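The following exercises ask you to read a structure step by step, each with a worked solution. Please look over the sequence and the coordinates before starting.

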Amino acid sequence: MGTVDNLAPLELNLTPFEITLIALGAIMEDVVIAGAGPTGLMLACELRLAGVDVLVLERLTEPTRDSRAGGLHPRSLEVLDQRGMLDPFLAEGRPLPGTRFAGLPLDLSGLPTRYPFLLVIVQRRIERLLEARARELGVRIRRGVEVTGLRPGPASASAASQAAGAAAALAAAETVVVETTAGPVETRYLVGCDGGRSVVRRLAGIDFPGTPATTTSILGDVELADPPAEQFLLQRTPRGNFSVLGFEKGWRRVIVDEAGATVADSTAIGFEDLRAMLIRVAGTDFGMHSPRWISRFTDVARQAACYRSGRVLLAGDAAHVHSPAGGQGLNTGLQDAFNLGWKLALVVRGSADEELLDTYHEERHPVGARVLSNTRAQSALSAPGAHVDALRKHVGDMLATPDANWKIAMMITGLDISYGLGPRVPDRDLPDGTRLFEHLRAGRPILADASGEPVDSRLVSELKGFGEPLLIRPDGHLAWKESLGREALSTALRPWR
């Protein structure tokens, strides 16, 4: 293994024994995750569940108190259920039978899932629950540590010397040294879950193409002296759009955008900017006071050209940014992590070749591209003017029909996502009184009704009485079906032999 020079171990809260091992060159991280948001924490949980050591580095010194994102979609609820993590989220959230597409009603109540609703729960609560689970699994989280640089590890000198350019050298590296404000850390894999302005993405030289912002929205979590009667009010006016949303008791989220107005990132915004814009657009400020959080967002849409460059991977907002229309960002990030976690664990443990990591990009990049596409469409449908008003009328009429509502709702919630052989295998009740998802909680694949195929019960869960022979991946998607033949089953099972 390579060594790491000049490490400041006390700043990383290492034990004296670990400090000695580092000095001897005997410690290397399996995986370092940059970012302790929902995506990074979900990925850390997946890796630890599979027995992989993981270190999470987070620049913030304490968990955020800002509310940020506000809901979990049905597929994300299924993901949490598949790992036995869902109950605390249900206890703290509030189910709603629908959501919105460009502000138009979208019914979720008839979707093919046990959770046909949007669970209203703010991001800070999501992060707290995920962090509690991560720590329970033994994930190490180091706060107040920022990533400042990347370079090939010492063992990579030969490969790196033959590569042209820093990014190419890093992509060819056998290990990565992550430079941080607390000293360097050497790792076999680094995953950037560090947000839309990802330092990891920039340092790895991964392109981030897309479209610039056409509008800026200001949002604030505030108290209202004269709130609207509706719990969730969304209004269009000739001057722009505004929303007043009741996520939790005691405060409302106010969101407003003004037609044709964009605000440079370098321009500071505050409570008075929110109030002034809301008065211009809505004609009132609803008596807003006592701001808890003021922020902004745009409809900029960008996606990483690749989700993997050698031993550096990206997930969540580091891989894709877009308008929050439809509430898809946090949910897409959680599902990125769910797709990547079991694959990275197999590779780290030596059970699968590195090529398995390429399937992460192959499967999740199209999902991210579709999110960018539909959020761009929602931005266009939200623009002011008579022509858009007419278009919204026709789109709204279509969404009121069952077939169109189904198609868009399945897309927004991620329930229709298909990886090769088909979409995820829905939960079902089994003859022994259990449910399918309960058998995925150990993070192992499920071999159902395939008698005569030898498997290691420590690595694969066998299921009888399912009703059809299937191999189900750890993320609940189909890996094999009987029509593919027994040879294909043996191939699909190879990583778990």
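**Exercise 1.** Does asparagine 331 count as buried or exposed, and at what relative accessibility?

*Solution.* Keep in mind throughout that this is a predicted model. Begin by locating the residue: asparagine 331 lies in helix H10, which covers residues 329-348. Next, take its relative accessibility, which is 2%, and set it beside the cut-off, under which a residue below 20% relative accessible area is called buried. Asparagine 331 therefore counts as buried. Finally, list its contacts: leaving aside residues up to four places away in sequence, asparagine 331 touches Gly71, Leu72, His73 and Ser76.

**Exercise 2.** Describe how helices H2 and H5 are placed relative to each other, and then characterise the residues through which they meet.

*Solution.* Two packed helices are described by the angle between their axes and by the distance between those axes. For H2 (residues 38-49) and H5 (residues 123-137), the axes come within 9 Å and cross at roughly 20 degrees. Since angles under 35 degrees count as roughly parallel, H2 and H5 are therefore roughly parallel to each other. The handedness comes next: H2 passes H5 in a left-handed crossing.

The contact itself involves Pro38, Leu41, Met42, Cys45, Arg48 and Leu49 on the H2 side, which meet Gln123, Ile126, Glu127, Leu130, Glu131, Arg133, Ala134 and Leu137 on the H5 side. Sorted by character, the residues of this contact divide into nine nonpolar, one polar and four charged.

**Exercise 3.** Determine whether glutamate 131 is buried or exposed, and name the residues that it touches.

*Solution.* Glutamate 131 lies in helix H5, and it is among the residues of H5 that meet H2. With a relative accessible area of 11%, glutamate 131 is buried. Once residues up to four places away in sequence are set aside, glutamate 131 touches Leu41, Pro63, Ile141 and Arg143.

**Exercise 4.** Work out the strand order of the sheet that contains S18, and explain why S12 and S21 each have one side without a neighbour in the sheet.

*Solution.* Three strands form an open sheet in the order S12-S18-S21, with antiparallel pairing. Strand S12 (210-211) and strand S21 (320-321) stand at the edges, and each has a single partner strand, so one side of each is left without a neighbour in the sheet. Looking at one pair in detail, S18 (residues 301-303) and S21 pair in the antiparallel sense over two bridges, and the bridge partner of glutamine 303 in S21 is histidine 320. To complete the picture, helix H11 (residues 355-381) lies across S12, S18 and S21, and runs at about 170 degrees to S18.

Methods:
Residues numbered from 1 in each chain as written. Predicted model: local features only at pLDDT ≥ 70, side-chain atom pairs only at ≥ 80, totals over all residues. Heavy atoms only, no water. Axes fitted to C-alpha atoms, helices over the stretch in contact; angles between N-to-C directions. Helix = DSSP H or I, 4+ residues; strand = E, 2+ residues; numbered from the N terminus. Parallel < 35°, antiparallel > 145°, perpendicular 65-115°, else oblique. Left-handed = near helix turned anticlockwise from the far one by under 90°. Contact = heavy atoms within 4.5 Å. Nonpolar A, V, L, I, M, F, W, Y, C, P; charged D, E, K, R; others polar. Pairing = 2+ DSSP bridges. Buried < 20%, exposed > 50% of the residue type's maximum accessible area, 1.4 Å probe, protein only.
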